[in-house]
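Student: I would be grateful for a close look at a single part of this structure. Please describe how that part is built, which side chains hold it to its surroundings, and how it sits within the chain as a whole.

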Amino acid sequence: MWITHKATQHGVFQNKDMRTVTTTIVGIFYFSLASFLFVLNGVLLMTLLTNKEFKSSTYRVIINMNIACMMLLSVFVVGGVMTVAQTTFNYYLDRILGALVIASWLLYVSLTLALAVDRLITFVCPRSSKFSIATTILTILSWILWFVVLIVLSLPGYRVSYDGGNMFYYWNYTDEPGAQIFLNCEPYYDISVIVMVLFIYMAVFSHLRKMGHMSGNQSSSFKAEMRIFVVAFISFTYETLCVILWFWIPESLGKLEATNIAMNTAWIVEGGMFVTLTLIISTNLRRSVIRTMRKKNKVFVVSHT
């Protein structure tokens, strides 16, 4: 009997050790990936703000998208630390970050619609200034939505938490009534905006085709829009799969640690997908980023000599 009890204790300690190793690895992974994508968004943001060539309405929307992604990723950086420590540290910190992660995500989703509308106006009504204000209005409305969601999710009964029942792997809505309302409504908003964005880019593509840009001598504007269309389509596919993963998976799978880790990782990747794809397909932006970084390095070196 004593031997059996001792063996049981040994098994419990082994399980605790394995869990500690797992949470440490996962937490460091979250922290590292979110930090890298945060810096990548920051580099692009700095490039867009310091170069005069990026002063159009399109790049103003992208700047706002960068800010939204950086707010989103900053929460995941802290979440990585929480995963390693297996605690949220403080009730109010957990509440504030939970509200911020949802508000920032909805801000980013809304801004993708603003960007799509901007591209539509640019190519369908290039000489009409009266429609260009639509981009500004959508951007302002996106920030109003961010503010409203941030306030509402800070109210009693509307809690988003990193504590999933002693599993600190994923930011999610709690069982509180208000949080469940958000949980039931958010996926439909996400999907609706994502589908609208895709249809708008398809309309832009169709318009360019009708204008004769698909001839053998393709214009630079058509090539640029094709790159944006590719980014939109890849983002649409990925975001749709993510929303399905986040909201419409069997309840039994949702309780698994592996599922929570997969969902949180997918969310972190989403925070860096736009900037990554943009830099991959846009040679001009890549060159501008490199030039900006070189200038900053020169200033840094000179200031220390």
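Tutor: The account that follows takes up one helix, α3, and then sets it against the rest of the chain.

The model is predicted, so local features are reported at pLDDT of at least 70 and side-chain atom pairs at pLDDT 80 or more, whereas totals for chains, interfaces and linings use all residues. Residues are numbered from 1 along each chain as its sequence is written, and side-chain values rest on heavy atoms, without hydrogens or water.

The chain contains 9 helices and 2 strands; these are DSSP runs numbered from the N terminus, with H or I over at least four residues for a helix and E over at least two for a strand. Read from the N terminus, the order of elements is α-α-α-α-β-β-α-α-α-α-α. Helix α3 spans residues 91-124, 34 residues in total. The distance from its first C-alpha to its last is 50 Å, close to the 50 Å expected at 1.5 Å a residue, where the expected span is 1.5 Å times one less than the number of residues. Of those 34 residues, 27 are buried, which leaves the helix mostly covered. Here buried denotes a relative accessible area under 20%, exposed one over 50%, and partly exposed anything in between, with a 1.4 Å probe and protein chains only.

The approach to the helix deserves attention. F89, in the loop between α2 (57-85) and α3, has a positive phi of about 70° although it is not a glycine. N90 then caps the N-terminal end of α3, with a side-chain oxygen 2.8 Å from the backbone nitrogen of Y92. The rule for a polar contact is a pair of N or O atoms within 3.5 Å; within protein, one must be able to donate a hydrogen and the other to accept it, and residues adjacent in sequence count only if both atoms are side-chain atoms.

How many salt bridges does the model contain? The count is 2, a salt bridge being a side-chain nitrogen of Lys or Arg within 4 Å of a carboxyl oxygen of Asp or Glu. One of them joins the side chains of D94 and R159, with N and O 2.9 Å apart. D94 belongs to helix α3 and R159 to the loop between α4 (133-152) and β1 (160-161), so this pair links parts that are 65 residues apart in sequence. D94 is buried at a relative accessible area of 0%, and R159, at 17%, is also counted as buried. With neighbours within four places in sequence set aside, D94 is in contact (heavy atoms within 4.5 Å) with T88, R159, V160, S161, Y162 and W171.

D118, also in α3, forms a salt bridge with R119, the closest N and O atoms being 3.5 Å apart. Both D118 and R119 are buried; for D118 the relative accessible area is 2%. Not counting residues up to four places away in sequence, D118 touches S57, T58 and T135.

A UniProt annotation can be set beside this helix. The unreviewed entry gives "transmembrane region" for several spans, among them 61-84, 96-117 and 188-208; its positions are in the numbering used here, feature names are shortened, and annotations may be inferred rather than shown by experiment. Residues 61-84 are 100% helix and 0% strand, with end C-alpha atoms 35 Å apart. For residues 188-208 the composition is likewise 100% helix and 0% strand, and the end C-alpha atoms lie 30 Å apart.

Other sites place α3 in its wider setting. N166, in the loop between β1 and β2 (172-173), has a positive phi near 65° and is not a glycine; N166 is exposed, at 55% relative accessible area. In helix α8 (residues 257-281) lies A266, which is buried at 11%. The C-alpha atoms of A266 and C242 are 6.7 Å apart, with their positions 24 residues apart in sequence. Beyond four places in sequence, A266 is in contact with Y238, C242, L245 and W246. C69 and C242 are each buried, C69 at 3% and C242 at 3%. The count of disulfides (cysteine sulfur atoms within 2.5 Å) is 0.

Over the chain, 43% of its 305 residues count as buried. Among contacts with a separation of 6 or more, 77% come from residues 24 or more positions apart.
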